[in-house]
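Q: Could you take me through the charged side-chain pairs in this one, close up? I'd like to see how they sit in their surroundings, and then what goes on where the chains meet.

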Amino acid sequence: MRGLSISSGKIEISDGSRVTFTTDGTLVNLLPASYDLNLSDIDFTYPDFIKSYAYYWSGEHTTSIKSEGCSTAITAVPQNWNNFSSPRVLGALPAVSGIDFLDILVYPRRTNTPSNWMGAAIPTPPQQNAWTDMGGGSSMIVEQALGMARSVTVQISGGNVVLLAQQSVADYPTGWWSTDPTENIAFTYGSNGRGLPVSGRDSKEALSAHWPGAYAFQRSGVGSTNPCATSDNTNYASNWRFDFRIAFGRRS
Amino acid sequence: MTVVLMADTETGRVALYDEASGGGDPQNPNSARNAPLNSPLSHLDKIYFHSDFDYMEVSLLTTVVINHAGYPAASPPSFNGGGTAMGGNSGFSSNSGFAVGSHTANHLLATHGLGYIPRFKVAVNNQMLPPGFPVQSNAGGAVRAVSAYATTSQIRLREFGTAGSNAMAAQSSTYTVMVFGAQPSPSNNRLIDFNPSTGVLELGLGRWRSDRRYLQVVPGGSPFGLLMGRNVDLANGAARAVLPSGGFVDSVNPSLRLYLLGAGAGTPMQYNGSFTSAPSIQVQAP
């Protein structure tokens, strides 16, 4: 059957065996293009992680063997951060009652280079510099590596189209022992506590012929004269830029 | 509730709608009961079709099989931290293979040739792809995720694979591609037109036609799940992606553990949150 029919309390518009439309359902009614939300160069920065350090120290001071070593790593402490309580507002919904459908295209790209994570650049799963479909609202993992991830979500919330961001760092490895830096073998950590080692910081070693004497490589603050460096020389803040093309409508 | 199909030659509008309250002459386009015709934005919830609105008309509908290549397992990751002074280090070792982004690929899904960036949807297994949709995973923690994107002439698929402790097998997946063209320009001067020889009904100056396909919510058929909100959550440095039609995939192998110098039971690296559902609707273009 082709054309318009009225039966059983519904109107159907058919094309042969295919029903193009029925009043039993709802076409996705998009508002005219003048209501679209088109945004360019929306910048968002994921903050640097809360960090600490891990300080490995070992010393031998027997009569015949004198040697000492230290190695340090910058660590990222376990953390979960998001902006859900105060999301980034991209724009208000049109002042039209009944909007319950979005169609979202996003054009993402990272505009800086965070520090290497465990010796390598942080991978970015999305196709950058290309228009990607986010459906009626969805999420995208923008960065992911062992022990860390960042994501972005675009959706309707409270009468606005909002950008939700999230980042997370894993718990620290097991195996810490002896936090006393004067013990023969010791791990200590910075004021923010233990974390996941993510960037090598320093390394010193002196064997018996070159032993500096009196444990020079112990962690600073316990009488050492030449500790391994612990200052944070990393920056994991990540800048992303998005363009959006968002159409509004109703589907119910 | 009375459903009305009415055209107003004064305003050039045609609509199919539920009558509004307020009564009045049913044949008068400006009566209160016919307000959805000439004030559609104030009666969005009553509209089935309106010539003022844009409809997601399918300009290209195709299915394509992508042969995803297998990729090898990864070694258990380790990190030396600052170095191995005195036989130790400030890094970690692990017990299970894991490598993010060890495999990438890019595929052509369809050529639309429209000359502009269209709206589009790509579906697999009756679910429309959000970015980074996991299409395959295995017991060793490998995950293959895909994202569809558009150029002015093509719809393409980016593949991003994480390796686990077992090699990822090759897989052939069937993708349904829907490209939605821009709203057509008027093709005639008739608000309602039926051609008895072709059986085609046209509405709104020919911009809506019964011989085309339109995205809609309708019972029956073979719909696709379409996300309508957040579907990814992060916890313990790992991600969980909830799928449009239910279920979820975690980004990290639950057996992966990290050790500092190999001591202790090992710290689990998997997602440890409680996110299990995401808002979605069922849509199709019959």
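**Salt bridges and their surroundings**

A: Let's start with A:Lys10 and A:Glu12, whose side chains come together in a salt bridge at 3.3 Å from N to O. A:Lys10 has 21% relative accessibility, so it counts as partly exposed. Keep in mind that this is a predicted model. Over all chains, the structure has 27 salt bridges. The idea behind such pairs is simple: side chains of opposite charge can pair when their charged atoms come close.

Over in chain B, B:Asp52 pairs up with B:Arg13, with 2.8 Å between the closest N and O atoms. This one reaches across distant parts of the chain: B:Asp52 is in the loop between β3 (47-50) and β4 (54-55), B:Arg13 is in strand β2 (residues 13-18), and the two positions lie 39 residues apart in sequence. With a relative accessibility of 28%, B:Asp52 is partly exposed.

Next up is B:Asp250, which forms a salt bridge with B:Arg240; here the closest N and O atoms are 2.7 Å apart. B:Asp250 belongs to strand β21 (residues 248-250) and B:Arg240 to strand β20 (residues 238-242), so the bridge ties together parts that are ten residues apart in sequence. The partners sit on either side of the 20% line used for burial: B:Asp250 is partly exposed at 21%, while B:Arg240 is buried at 9%.

Then there's a network: A:Asp36, A:Asp103, A:Asp133, B:Arg119 and B:Lys121 are joined by salt bridges that share partners. One bridge to pick out runs between B:Arg119 and A:Asp103, at 2.9 Å from N to O. Across the interface of chain A and chain B, four salt bridges turn up, and 39 residue pairs are in polar contact between the two chains. On chain A's side, strand β17 (residues 196-206) gives the most to the surface touching chain B, with ten residues.

What about the interface as a whole? Chain A puts in 105 residues and chain B 88 residues. Together the chains bury about 7600 Å², of which 65% is on carbon and sulfur atoms.

Some acidic residues are worth a look for their polar contacts too. A:Asp243 is in strand β18 (residues 238-250) of chain A and, at 12% relative accessibility, counts as buried. Its side chain makes a polar contact of 3.2 Å with that of A:Arg109. Beyond neighbours within four places in sequence, A:Asp243 also touches others, including A:Leu105, A:Tyr107 and A:Trp131.

B:Glu202, in strand β15 (residues 200-203) of chain B, is buried as well, at 11% relative accessibility. Side chain to side chain, B:Glu202 has a polar contact of 2.5 Å with B:Asn188. Among the residues B:Glu202 touches beyond four places in sequence are B:Leu191, B:Ile192 and B:Trp208.

B:Ile192 brings us to a nonpolar spot. B:Ile192 is in strand β14 (residues 192-195) of chain B and is partly exposed, with 37% relative accessibility. With A:Leu4, A:Ile6 and B:Leu5, B:Ile192 makes up a nonpolar patch on the surface that has about 350 Å² of accessible area together.

Methods. Residues numbered from 1 in each chain as written. Chains lettered and ligands numbered in written order. Predicted model: local features only at pLDDT ≥ 70, side-chain atom pairs only at ≥ 80, totals over all residues. Heavy atoms only, no water. Patch = residues over 30% accessible without salt bridge, like charges linked within 9 Å, V, L, I, M, F, W, Y side chains within 5 Å. Areas by Shrake-Rupley, 256 points an atom, 1.4 Å probe, with all protein chains shown as cover. Helix = DSSP H or I, 4+ residues; strand = E, 2+ residues; numbered from the N terminus. Buried < 20%, exposed > 50% of the residue type's maximum accessible area, 1.4 Å probe, protein only. Contact = heavy atoms within 4.5 Å. Buried area = accessible area lost by both parts, 1.4 Å probe. Polar contact = N/O pair within 3.5 Å; in protein donor to acceptor, adjacent residues only side chain to side chain.
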